[in-house]
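Please open the model in a viewer and display the backbone as a cartoon, with side chains available on selection. The tour below moves from one selection to the next.

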Amino acid sequence: MTCKLAVGGGCHWCTEAIFKSLKGVLKVDQGFVSSVEQESFSEAVIVHFNPNMISLKRIIEVHLYTHNSTSNHSMRAKYRSAVYAFSMEQASKAENIIHQIQSDFDKPLVTKVLTFKRFKSSRASVLDYYYQNPNKPFCERYIHPKLLILLNRFSENASRGKPDV
C-alpha cells in the first residue's frame with residue numbers, strides 16, 4: 001500500500017533530502033505545489049510512503065521539526081509552511097496531528113493544512129540535489145543541519161548514513 005502527502009516549508013532541495021532519508025518513503029517528487037486555498041505555487045515535495053513502515057503522524061512530525069514551522073517570515077509565499085492533503089480524511093488527520101504536536105513547540109505553529117491542487121516538477125538538473133551535491137556550500141549550510149535534526153530526533157526512521165560532521 002502506498003500513500004502520499006505533499007509538504008512545503010523551506011527550500012524543496014532541503015525537504016527532498018530529508019524525506020529521501022527516511023525508511024518507508026518510496027519516492028519523493030520535488031517541485032512546486034498549489035492548493036485549492038492558495039492558487040500560487042510554492043516550493044514543496046510529494047512524499048510517497050508505505051504507511052506500514054512510517055506513519056502519517058511521523059511524516060508530519062519530521063516535517064514540522066525540520067523547517068521553521070513557527071515563523072511567519074517574509075519568504076512564506078515562496079516557502080509556504082504547509083501540509084497538502086489529498087483527501088478530506090487526510091486533511092482531518094493532519095489537522096489533528098498538528099494540534100497534538102503543537103504542545104511540543106514554544107511558539108504557535110504556522111503550518112497550514114491545505115487541499116492539494118497541482119504539482120509542477122523542478123527541472124531535472126536540481127532533482128536529488130543534496131545526494132548529488134552533498135559538499136556544495138548550500139548543502140553544507142542549509143541541508144546538513146536539517147539532516148542532523150532528523151538523525152538526532154528521528155534516528156529510528158533514518159535510512160541514510162549520517163552525514164559527515
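Begin by selecting Asn50, which is found in the loop connecting strand S3 (42-49) with helix H2 (56-65). The model is a predicted one. Is Asn50 buried or exposed? Its relative accessible area is 16%, so Asn50 falls under the 20% limit and counts as buried.

Keep Asn50 displayed and add Cys3. The two residues are 47 apart along the chain, yet their C-alpha atoms are separated by 6.2 Å. Next, show Met1, Gly24 and Leu26: these are the residues in contact with Asn50 once its neighbours within four places in sequence are set aside. Finally, add Asn52, whose backbone nitrogen is reached by the Asn50 side chain at 2.7 Å.

**The barrel**

Select the strands. Five of them form a closed barrel in the order S1-S3-S2-S5-S4, and the pairing is mixed. On average, and with direction ignored, neighbouring strands of this sheet are turned by 50° against each other.

Colour strand S1 (residues 3-8) together with S3; the two run antiparallel and are joined by 5 bridges. Which residue of S3 is the bridge partner of Lys4? Selecting His48 shows that partner.

Now bring in H2. This helix packs on the sheet and touches S1, strand S2 (25-35), S3 and strand S4 (82-85), while its direction makes about 15° with that of S1. A further helix, H3 (residues 88-101), lies across S1, S4 and strand S5 (112-121), and runs at about 155° to S4.

Turn to S2, a mostly covered strand in which 8 of the 11 residues are buried. S2 pairs with S3 in the antiparallel sense over 8 bridges, and a hairpin of 6 residues joins the two strands. Within this pairing, select Gly31 and find Ala44 of S3 opposite. S2 also pairs with S5, again in the antiparallel sense, over 5 bridges. Here Phe32 has Lys120 of S5 as its bridge partner.

**Charges over rings**

Leave Lys120 selected and add Phe41: the charged end of Lys120 sits over the Phe41 ring, 4.3 Å from the ring centre. For a second example, select Arg153 and Tyr65. The charged end of Arg153 sits over the ring of Tyr65, at 3.8 Å from its centre.

**Aromatic pairs**

How many aromatic pairs does a search of the whole structure find? The search finds 7. For one of them, select Trp13 and Phe138: the ring centres are 5.3 Å apart and the planes stand at 85°, so this pair is edge-to-face. Trp13 belongs to helix H1 (residues 12-20) and Phe138 to helix H5 (residues 137-153), so that distant parts of the chain, 125 residues apart, are linked by the pair. Trp13 is buried, at 18% relative accessible area, whereas Phe138 is partly exposed, at 26%.

Move next to Tyr130 and Tyr131. Their ring centres lie 4.9 Å apart with the planes at 85°, and this pair is therefore edge-to-face. Tyr130 is buried, with a relative accessible area of 7%, while Tyr131 is partly exposed, at 24%.

As a last selection, display Trp13, Tyr129, Phe138 and Tyr142 together; these residues form one aromatic cluster.

How values were computed. Residues numbered from 1 in each chain as written. Predicted model: local features only at pLDDT ≥ 70, side-chain atom pairs only at ≥ 80, totals over all residues. Heavy atoms only, no water. Helix = DSSP H or I, 4+ residues; strand = E, 2+ residues; numbered from the N terminus. Buried < 20%, exposed > 50% of the residue type's maximum accessible area, 1.4 Å probe, protein only. Contact = heavy atoms within 4.5 Å. Polar contact = N/O pair within 3.5 Å; in protein donor to acceptor, adjacent residues only side chain to side chain. Phe/Tyr/Trp six-rings, centres within 6.5 Å; stacked < 30°, edge-to-face > 60°. Lys NZ or Arg CZ within 6 Å of the ring centre and 35° of its normal. Pairing = 2+ DSSP bridges. Axes fitted to C-alpha atoms, helices over the stretch in contact; angles between N-to-C directions.
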